[in-house]
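Me: Could you take a close look at one part of this structure for me, the salt bridges? I'm in my first year, so please walk me through who pairs with whom and how buried or exposed the partners are.

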Amino acid sequence: MIKKINFSALDRQFLALKSIETNPIRADLSKVIVNKPWGYEYLLNRTPLVEIWHLSLNHLKSTSIHCHPNKKTALIVLDGKALFSTLNESFELCPLDAVVMKSGVFHSTQCLSKTGLKLLEIETPPMKHDL
């Protein structure tokens with residue numbers, strides 16, 4: 001399954017409540033594993049148009065609810081089972097399922113698998129600081 005998620009009225013309402021100031025990240029993330037409260041991530045590939053990240057989430061851990069106001073994002077499940085949530089809906093994702101989000105869509109991903117969750121995150125344009 002590939003599910004397309006559009007920017008909603010609820011996303012617009014929540015985005016209007018926030019002051020969005022982003023500062024570019026100057027660190028070279030291509031050679032590090034970035035530890036997160038939910039697991040870790042690392043950069044697989046970067047071009048001027050796209051970044052591809054590998055995310056690994058631990059059992060029952062979740063990313064925060066967040067959005068990327070200026071970039072489109074796709075998530076592809078490689079291994080494990082996920083609960084993907086927006087402000088409007090939640091649904092399960094299994095291996096090879098994907099979601100494609102317009103910019104500004106608030107979302108989070110939770111790992112449902114005891115063995116963990118592996119995802120590809122594809123973002124365009126490359127703007128790691130766009131949160």
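**A close look at the salt bridges**

Reply: Let's start with Glu 92, which counts as partly exposed at 44% relative accessibility. Keep in mind that this is a predicted model. The partner of Glu 92 is Lys 81, and the closest N and O atoms of this salt bridge are 3.1 Å apart. This pair links distant parts of the chain: Glu 92 sits in strand 7 (residues 90-93), while Lys 81 lies in the loop between strand 5 (72-79) and strand 6 (82-86), 11 residues apart. Lys 81 is partly exposed too, with a relative accessible area of 33%.

Why do such pairs turn up? Side chains of opposite charge can pair when their charged atoms come close. The structure holds 5 salt bridges, so let's visit another couple of them.

Take Arg 46 and Glu 51, whose side chains meet in a salt bridge at 3.4 Å, N to O. Here the two ends have quite a contrast: Arg 46 counts as exposed, at 53% relative accessibility, but Glu 51 is buried, with just 3% relative accessible area. The cut-off for exposed is over 50%, and for buried it is under 20%, so Arg 46 and Glu 51 get opposite labels.

Then there's Lys 36, which forms a salt bridge with Glu 41, with 3.6 Å between the closest N and O atoms. Lys 36 is partly exposed, its relative accessible area being 32%, whereas Glu 41 is buried at 3%.

Technical notes: Residues numbered from 1 in each chain as written. Predicted model: local features only at pLDDT ≥ 70, side-chain atom pairs only at ≥ 80, totals over all residues. Heavy atoms only, no water. Salt bridge = Lys/Arg side-chain N within 4 Å of Asp/Glu carboxyl O. Buried < 20%, exposed > 50% of the residue type's maximum accessible area, 1.4 Å probe, protein only. Helix = DSSP H or I, 4+ residues; strand = E, 2+ residues; numbered from the N terminus.
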